[in-house]
Amino acid sequence: MTITEPPTPQAEPVLRSAYQQSIAEYWNREKDPVNIKLGEVDGLYHHHYGIGDYSPDVLTMPAAERDSAIIAEMHRLETAQADVLLEHLGAIDAADRVLDAGSGRGGTSFMVNQRFGCQVDGVSISESQVNFANTQAAQRGVGKQVRFHFRNMLDTGFDAGSVRAIWTNETTMYVDLQQLYSEFARLLQHGGRYVCITGCYNDLTGGRSRAVSQIDQHYICNIHPRSEYFKAMAANGLAPIAVTDLTAATIPYWELRERSSVATGIEKAFLTAYREGSFHYLLIAADRI
Ligand code: SAH
């Protein structure tokens with residue numbers, strides 16, 4: 001079943017540039033087993049990485065069971081990552097409305113709705129992801145509470161002050177942070193919470209390391225330096241309340257992924273970047289002041 005999105009109220013087209021078109025094409029075509037096979041474990045489809053230690057038993061299982069055990073373990077770590085994001089969203093009531101900015105196939109949105117019972121809107125510039133996630137919402141019986149839209153997170157068209165919380169789970173490397181946070185400042189209620197999980201490069205080690213550049217090229221993205229996040233938040237009325245370095249916690253996930261059947265070839269670049277200290281996996285929670 002495909003749910004058709006009503007026409008967007010935005011004056012501007014959703015995809016504003018050749019760059020955004022190439023991102024949309026990437027995600028429209030994307031069917032990587034690392035995302036699909038893991039999603040099939042329990043119907044929560046994530047497009048982000050995992051955190052926490054894996055059980056070493058999965059690597060010594062008989063060949064017939066090993067692959068599916070590794071996949072289930074990687075999925076567990078990706079869900080654990082989203083759980084940490086949820087823990088930072090603050091108090092959310094069932095009557096609140098929240099925004100998943102760059103919602104992918106919807107995994108984190110469904111977890112948030114399940115935990116808080118709130119209204120969730122997800123936006124993505126990939127129409128096939130939006131259709132996939134809306135179909136999932138209908139199948140899960142939450143189509144009235146969790147809705148996905150083909151919209152640009154830089155200009156969502158949603159009302160000013162209409163959301164209690166916003167999160168970006170590995171999406172900020174596709175956009176200009178000043179533009180993004182100016183839109184979030186407009187959307188968030190006073191005291192509303194913003195939570196970001198992202199990879200960012202370390203300003204201390206100079207510019208982009210070779211490994212970080214390889215990641216950029218692989219995903220057609222533009223990883224920002226760590227300092228840029230805090231500058232852009234401060235300039236847009238977002239005051240950080242928690243900053244957690246998740247780098248050490250994500251390394252085991254990448255080590256397991258490197259040894260899995262669903263490795264995509266980018267694992268080495270992530271491991272090098274994290275281990276050499278040129279790249280961090282960061283969670284930042286901020287309040288709209
Ligand atoms: N947050 C999701 C998906 C991460 S993948 C998850 O954790 O599973 C990156 C997502 O960012 C994709 O869904 C892509 O369509 C979206 N994206 C990139 N640029 C965007 C933009 N300008 N507006 C809205 N979504 C965008």
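Biologist: How many aromatic pairs does a search of the whole structure find?

Modeller: This is a predicted model, and the search for aromatic pairs covered the whole structure. Rings count as a pair if their centres lie within 6.5 Å. On that basis the number of aromatic pairs found is 17.

Biologist: Is the aromatic pair of Tyr 45 and Phe 132 stacked or edge-to-face?

Modeller: The two ring centres of Tyr 45 and Phe 132 are 4.9 Å apart, with 80 degrees between the planes. Planes over 60 degrees apart fall in one class and those under 30 degrees in the other, so the pair of Tyr 45 and Phe 132 counts as edge-to-face.

Biologist: Which helix holds Phe 132, and how far along the chain is Tyr 45 from it?

Modeller: Tyr 45 belongs to the loop between helix H2 (33–39) and helix H3 (63–87), whereas Phe 132 belongs to helix H5 (residues 127–139). The pair therefore links distant parts of the chain, with Phe 132 in helix H5 and a separation of 87 residues.

Biologist: What share of the ligand's exposed area does the protein bury?

Modeller: An oxygen atom of the ligand is 2.7 Å from an N or O atom in the side chain of His 48, and an oxygen atom of the ligand is 2.6 Å from an N or O atom in the side chain of Gln 129. Taken alone, the ligand exposes 570 Å², and the share of this that the protein buries is 99%.

Note on methods. Residues numbered from 1 in each chain as written. Predicted model: local features only at pLDDT ≥ 70, side-chain atom pairs only at ≥ 80, totals over all residues. Heavy atoms only, no water. Polar contact = N/O pair within 3.5 Å; in protein donor to acceptor, adjacent residues only side chain to side chain. Areas by Shrake-Rupley, 256 points an atom, 1.4 Å probe, with all protein chains shown as cover. Phe/Tyr/Trp six-rings, centres within 6.5 Å; stacked < 30°, edge-to-face > 60°. Helix = DSSP H or I, 4+ residues; strand = E, 2+ residues; numbered from the N terminus.
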